[in-house]
Each structure stands twice: as structure tokens, then as C-alpha cells.
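User: I am new to this structure and would like a close look at a single part, the largest pocket. Please begin with the terms I need, and then show me how the pocket relates to the helices and to other features of the chain.

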Amino acid sequence: MSKTIIGGHDRRPSIWVYGILIAVLLGSAFPIWWSYLIGSQDASALNQNGMMWIPGGNFIANAATVIDSIPFWTALGNSIIVSSVVSISVVLFSTLAGYAFAKLKFRGREGLLIFVIATMAVPTQLGIVPLFIVMARLGWTGSLWAVIAPAMVTAFGVFWMTQYLRDALPDELIEAVRMDGASMIRSFWHIGLPAARPAAAMLALFTFIGTWTNFFWPFIVLGPGNPTLPVALQQLQAAFYVDYSLVLAGVVLSIIPLILVFIFLGKQLVAGIMQGAVKG
């Protein structure tokens with residue numbers, strides 16, 4: 001392996017760096033592995049003393065029971081729809097707003113951006129009651145639109161794209177395109193959007209994961225017949241007894257789509273992190 005020499009110093013990561021990364025990887029993967037261990041056992045095995053390190057042979061049976069016990073496929077489809085629509089919407093609107101805040105000059109720009117960022121300090125729980133009233137008056141309770149509409153743009157997304165586009169997109173390039181006769185929307189589509197692609201990929205991934213795992217608001221506004229996946233998994237808990245082997249088998253099933261998303265978008269995620277680090 002060749003060494004990278006910068007300023008007379010060896011910049012190749014030391015063995016301690018690899019050790020820390022391996023420890024972080026194992027620590028992050030352990031909850032998933034532990035969930036699989038519990039999900040592969042039966043209820044009687046969980047009452048045994050000591051920790052279990054060898055998977056049992058009941059995961060497929062437990063997974064089949066989970067699928068039969070809850071509206072799994074409906075919940076899976078709802079989660080895919082909600083997470084995909086919200087991710088696309090957040091990326092689009094946040095990139096538009098970030099482009100405006102970063103590159104357009106208008107009165108009150110900094111004050112408005114500070115106000116948007118300040119909304120991140122407001123707890124989500126404070127807006128639940130008025131938001132539910134609005135959804136009830138619109139007739140959207142029990143509908144996926146009640147989950148999608150409030151999440152179509154986020155303050156974090158606007159802040160993230162604003163900070164990225166300020167450094168990633170030179171003002172001279174935009175001025176050159178405008179002098180050639182391009183409109184603002186056209187300059188955004190052909191210049192701003194390609195420049196924001198790495199940051200947009202990261203924002204889409206984080207938004208997809210956050211929406212997929214969101215439980216609080218969908219649990220309130222959606223009915224038991226039209227749930228998202230986290231809400232449907234809650235139905236596995238009985239009133240007086242919880243079979244954790246079934247619950248954690250369902251959790252593992254719900255994690256599989258996220259793992260697939262990481263596999264397909266991992267390259268863009270790493271590229272976004274590296275470009276953001278270099279530009280920062």
C-alpha cells in the first residue's frame with residue numbers, strides 16, 4: 001500500500017484509526033444483530049438465564065407470524081410511499097430555498113433565514129394539537145396526506161442546502177449564466193441543482209430514514225387499518241404480555257429496506273461527506 005506524503009508527513013491512517021472505526025462499526029451493528037438473535041428464538045428461550053450469542057431457528061416462523069398478525073404489506077407500502085414522497089419533496093423545496101438564501105439578494109434575507117433556523121428549537125410536540133385540528137378540518141385524518149403534508153419541507157433541510165450552496169456554487173458562474181439570458185429557474189435547474197447533488201443525496205437519505213422510523217405523529221393521525229410500518233409493529237404488543245421474539249423479528253424486517261437504501265446510496269453519501277468536509 002502506497003503512502004500519501006503531505007508536507008513531509010505520512011498521512012496514511014494509523015492502526016488506531018482503523019481500530020476506532022472497527023469498534024464504532026461493531027457497536028453500531030450490535031443492536032441489529034441482537035434484535036436478530038432475539039427474533040430468531042421462541043418465547044420460552046427468552047426466559048433462560050444468560051445471553052444468547054447463537055441464532056435460533058425460528059426467525060422465518062416468527063417473521064411469518066408477524067406478517068400474518070398485522071397489516072404488514074399495507075404498512076410497508078405506506079412507509080415506502082410516505083418516505084419516498086417526503087424525501088423528494090424535502091430535497092426539492094430545501095434546494096430551492098437554499099439556492100434563494102445562498103445566492104439571491106433580497107431584503108430581509110438574513111433575518112428570514114435566522115427565523116427558519118430558530119424554528120428548529122421549537123419542540124415538535126407543541127404543534128401536535130393544532131396540527132391535528134387542521135388535519136381533521138381538512139378531512140385528512142387516517143390518510144397518508146396527513147403524514148406527508150406537514151413534512152414536505154424542513155428547517156434543517158433549508159439550512160443544510162443553504163450552507164452547502166454558499167460554498168459549492170460560485171457567484172460568478174451564476175452571473176455568467178444570467179448574462180447569457182437564462183432565467184433564474186433555468187439557472188437553478190442547470191447550475192444549482194447539479195452542484196447540490198452530493199448534499200441533496202445526504203439530505204434525501206437522512207430524511208428517508210427519519211420518515212421511515214417516525215412513530216409519534218403517524219400513530220396519532222393514522223388509523224389501525226392504514227398504518228405505517230412502525231405503527232403496525234406496535235400492534236404486536238398485547239395488553240398484558242409482549243412476545244419480544246415477534247416484536248424484534250418485526251423490527252428486523254422493518255430494517256431490511258433501510259439497509260438496502262444504504263447499499264444503493266452509500267456511494268453518494270460518502271461523496272457528499274467528503275465534498276462537504278473539503279469545502280468546509
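Analyst: A helix here is a DSSP run of H or I at least four residues long, a strand is a run of E at least two residues long, and these elements are numbered from the N terminus. The model is a predicted one, and what follows should be read with that in mind.

With those terms in hand, we can start with two stretches of the chain. The UniProt entry, which is unreviewed, lists residues 15-38, 50-74, 80-101, 113-136, 142-161, 199-220 and 240-265 under "transmembrane region". In the model, the span of residues 113-136 is 62% helix and 0% strand, and its end C-alpha atoms lie 31 Å apart. Residues 199-220, another of the listed stretches, are 86% helix and 0% strand, with 32 Å between the end C-alpha atoms.

The largest pocket itself holds about 1100 Å³ of space. Its lining is made up of 26 residues, and those that lie nearest the centre are Thr124, Pro150, Ala151, Val153 and Thr154. Among the helices that supply at least two residues each to this lining are helix H5 (128-138) and helix H7 (155-168), together with helix H10 (197-212) and helix H11 (216-221). H10 gives the most, with five residues.

Helix H11, one of these contributors, also contains phenylalanine 216. Because its relative accessible area is 40%, which falls between the 20% limit for buried and the 50% limit for exposed, phenylalanine 216 counts as partly exposed. Phenylalanine 216 is 91 residues away from glutamine 125 in sequence, yet the two C-alpha atoms are 9.1 Å apart in space. Glycine 223 sits in the loop that runs between H11 and helix H12 (229-234), and with a relative accessible area of 24% this glycine is partly exposed. Its C-alpha atom is 8.1 Å from that of threonine 141, although 82 residues separate the two in sequence.

Helix H10 leads on to a second space, a cavity. One cavity of 30 Å³ or more is present in the structure, and about 60 Å³ of space lies in the largest cavity. The residues that line it are Ser79, Val82, Ser83, Val147, Thr211, Trp212, Asn214, Pro218, Thr228 and Pro230. Two elements give two or more residues to this lining, namely helix H3 (72-103) and H10, and H3 provides the largest share, with three residues. H10 therefore belongs to both accounts, since it supplies at least two residues to the lining of the largest pocket and two or more to the lining of the largest cavity.

Helix H7, another contributor to the pocket lining, brings us to the charged side chains. Side chains of opposite charge can pair when their charged atoms come close. A search of the whole structure finds two salt bridges. In one of them, the side chains of arginine 109 and glutamate 110 meet with 3.6 Å from N to O, and in the other, glutamate 110 and arginine 166 have their closest N and O atoms 3.4 Å apart. This second pair links distant parts of the chain, for glutamate 110 is in helix H4 (residues 109-118) and arginine 166 is in helix H7, 56 residues apart. Through the partner they share, the bridges join Arg109, Glu110 and Arg166 into one network. Glutamate 110 is partly exposed at 40% relative accessibility, and arginine 166 is likewise partly exposed, at 31%.

The last features to place concern helices H1 and H13. Leucine 37 lies in helix H1 (residues 15-39) and is buried, because its relative accessibility is 0%, under the 20% limit. Leucine 37 and alanine 249 are 212 residues apart in sequence, while their C-alpha atoms are 8.9 Å apart in space. On the surface, Ile32, Ile256, Ile259, Leu260, Ile263, Phe264 and Leu265 form a nonpolar patch with about 660 Å² of accessible area together. Helix H13 (residues 244-279) gives the most to this patch, with six residues. Leucine 260, one of the patch residues, is found in helix H13 and is partly exposed, with a relative accessible area of 43%.

How values were computed
Residues numbered from 1 in each chain as written. Predicted model: local features only at pLDDT ≥ 70, side-chain atom pairs only at ≥ 80, totals over all residues. Heavy atoms only, no water. Patch = residues over 30% accessible without salt bridge, like charges linked within 9 Å, V, L, I, M, F, W, Y side chains within 5 Å. Areas by Shrake-Rupley, 256 points an atom, 1.4 Å probe, with all protein chains shown as cover. Salt bridge = Lys/Arg side-chain N within 4 Å of Asp/Glu carboxyl O. Buried < 20%, exposed > 50% of the residue type's maximum accessible area, 1.4 Å probe, protein only. UniProt positions renumbered as here; feature names shortened; annotations may be inferred. 1 Å grid on protein atoms, 1.4 Å probe; cavity = no way out; pocket = protein on both sides within 12 Å on 5 of 7 lines; lining within 4 Å. Points joined across faces, edges and corners; volume = space filled by probe spheres on them.
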